[in-house]
Amino acid sequence: VGYHLGLAAITRGERVVDLGSGSGMDLFLAALHAGAEGEVVGVDMTEEQLAKARRLATRDGYAAVGLQLGYIEHAPVADGWADIVISNGVINLCDDKAAVFREIARMLRPGGRTAISDIVTERQLTEAIVCDVNLWASCIGGAMQEDDYRRAIEDAGLTLRTVRENPQYHFISDSAQGATKTFGVKSISVLATKAG
């Protein structure tokens, strides 16, 4: 839902975790930046997505990429392992977003950083929108108010460094466009750091 890898500024040799890595697009881009000296781990709850990512990693020679089955609220990554945690359009789909931010803080080494692109709202969503399956699929139904999203990141012990709107991201369906206009649904990218 946005380009957060520029904020991530991944360098050679870094350890990266991609939460909700899917079939691996951001994961493989991160691996190119981290190089052969780095390690990149994707965490996803969907066996089919992981299977596709494994096929692509094997086909294209991404030896430094690992893939783990798991929920991002309880990621199978050791404490303090990661230099950077990335995620793109997935946290909004989680019921307990605060738990995800706590997991990010747990996985990061002191001085580590996280770069996330996600969907947020300017105003509180109605129950009808929250319960609309199509709007969940559009990454809108589970979106959090931006102020609450920022607060949850900070409550996890992370310091926000950059918050950037992504106006180039547009919703396609009529219902999604309606929610965008009414509730200020938008894509943002954030960079936050863990104290060193």
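What follows is a short exchange on cores, salt bridges and surface in a predicted model.

Biologist: Which element gives the most residues to the largest nonpolar core?
Modeller: The largest nonpolar core has 30 residues. Several elements give two or more residues to this core, among them strands E1, E2 and E4 and helix H7. The top contributor, with 5 residues, is helix H4.

Biologist: Which residues have the most contacts inside that core?
Modeller: Strand E1 (15–19) and helix H4 (97–107) both give two or more residues to this core. The residues with the most contacts inside it are Val 17, Leu 19, Phe 101 and Ile 104.

Biologist: What does Phe 101 touch, leaving aside neighbours within four places in sequence?
Modeller: Phe 101 is among the residues with the most contacts inside the largest core. Its contacts, sequence neighbours aside, are Ile 91, Ile 116, Tyr 149, Ala 152, Ile 153, Ala 156 and Leu 158.

Biologist: How many residues are in the second, separate core?
Modeller: This core includes Leu 7, Val 16, Ala 30 and Ile 86. It is separate from the largest one, and its residue count is 22.

Biologist: Is Ser 187 buried or exposed?
Modeller: Ser 187 sits in strand E8 (residues 186–194). Its relative accessible area is 2%. The cut-off for buried is under 20%. Ser 187 is therefore buried.

Biologist: Which side chain makes a polar contact with that of Ser 187?
Modeller: Beyond four places in sequence, Ser 187 touches residues including Gly 2, Asp 118, Arg 164 and Tyr 169. Its side chain also reaches the backbone oxygen of Val 1 at 2.5 Å. The side-chain partner, at 2.8 Å, is Asn 166.

Biologist: How far apart in sequence are Arg 15 and Glu 39?
Modeller: Their side chains meet in a salt bridge, 3.4 Å from N to O. Arg 15 is in strand E1 and Glu 39 in strand E2, so the pair links distant parts of the chain. Arg 15 is partly exposed at 32%, and Glu 39 is partly exposed at 36%. The separation is 24 residues.

Biologist: Where does Glu 122, the partner of Lys 186, lie?
Modeller: Lys 186 and Glu 122 form a salt bridge, with their closest N and O atoms 3.3 Å apart. The two are 64 residues apart, and Lys 186 is in strand E8. Glu 122 lies in the loop between E5 and helix H5.

Biologist: Is Lys 186 buried or exposed?
Modeller: Glu 122, its partner, counts as partly exposed at 44% relative accessibility. Lys 186 has 13%. The limit for buried is under 20%, so Lys 186 counts as buried.

Biologist: Which residues join Lys 186 in a network of salt bridges?
Modeller: The structure holds 13 salt bridges. The bridge from Lys 186 to Glu 122 is one of them. The others in the network with Lys 186 are Glu 122, Arg 123, Glu 146, Arg 150 and Glu 165.

Biologist: What separates Arg 151 and Asp 148 along helix H7?
Modeller: These two form a salt bridge, with closest N and O atoms 2.7 Å apart. Arg 151 is partly exposed at 44%, and Asp 148 is partly exposed at 29%. Because they are 3 residues apart in the helix, the separation is about one helical turn.

Biologist: What is the area of the nonpolar surface patch made by Met 25, Leu 29 and Leu 32?
Modeller: Met 25 lies in helix H2 (residues 25–34). At 62% relative accessibility, Met 25 counts as exposed. The patch made with Leu 29 and Leu 32 covers about 320 Å².

Notes: Residues numbered from 1 in each chain as written. Predicted model: local features only at pLDDT ≥ 70, side-chain atom pairs only at ≥ 80, totals over all residues. Heavy atoms only, no water. Patch = residues over 30% accessible without salt bridge, like charges linked within 9 Å, V, L, I, M, F, W, Y side chains within 5 Å. Areas by Shrake-Rupley, 256 points an atom, 1.4 Å probe, with all protein chains shown as cover. Salt bridge = Lys/Arg side-chain N within 4 Å of Asp/Glu carboxyl O. Helix = DSSP H or I, 4+ residues; strand = E, 2+ residues; numbered from the N terminus. Buried < 20%, exposed > 50% of the residue type's maximum accessible area, 1.4 Å probe, protein only. Polar contact = N/O pair within 3.5 Å; in protein donor to acceptor, adjacent residues only side chain to side chain. Contact = heavy atoms within 4.5 Å. Core = buried A, V, L, I, M, F, W, Y, C linked by side-chain atoms within 4.5 Å.
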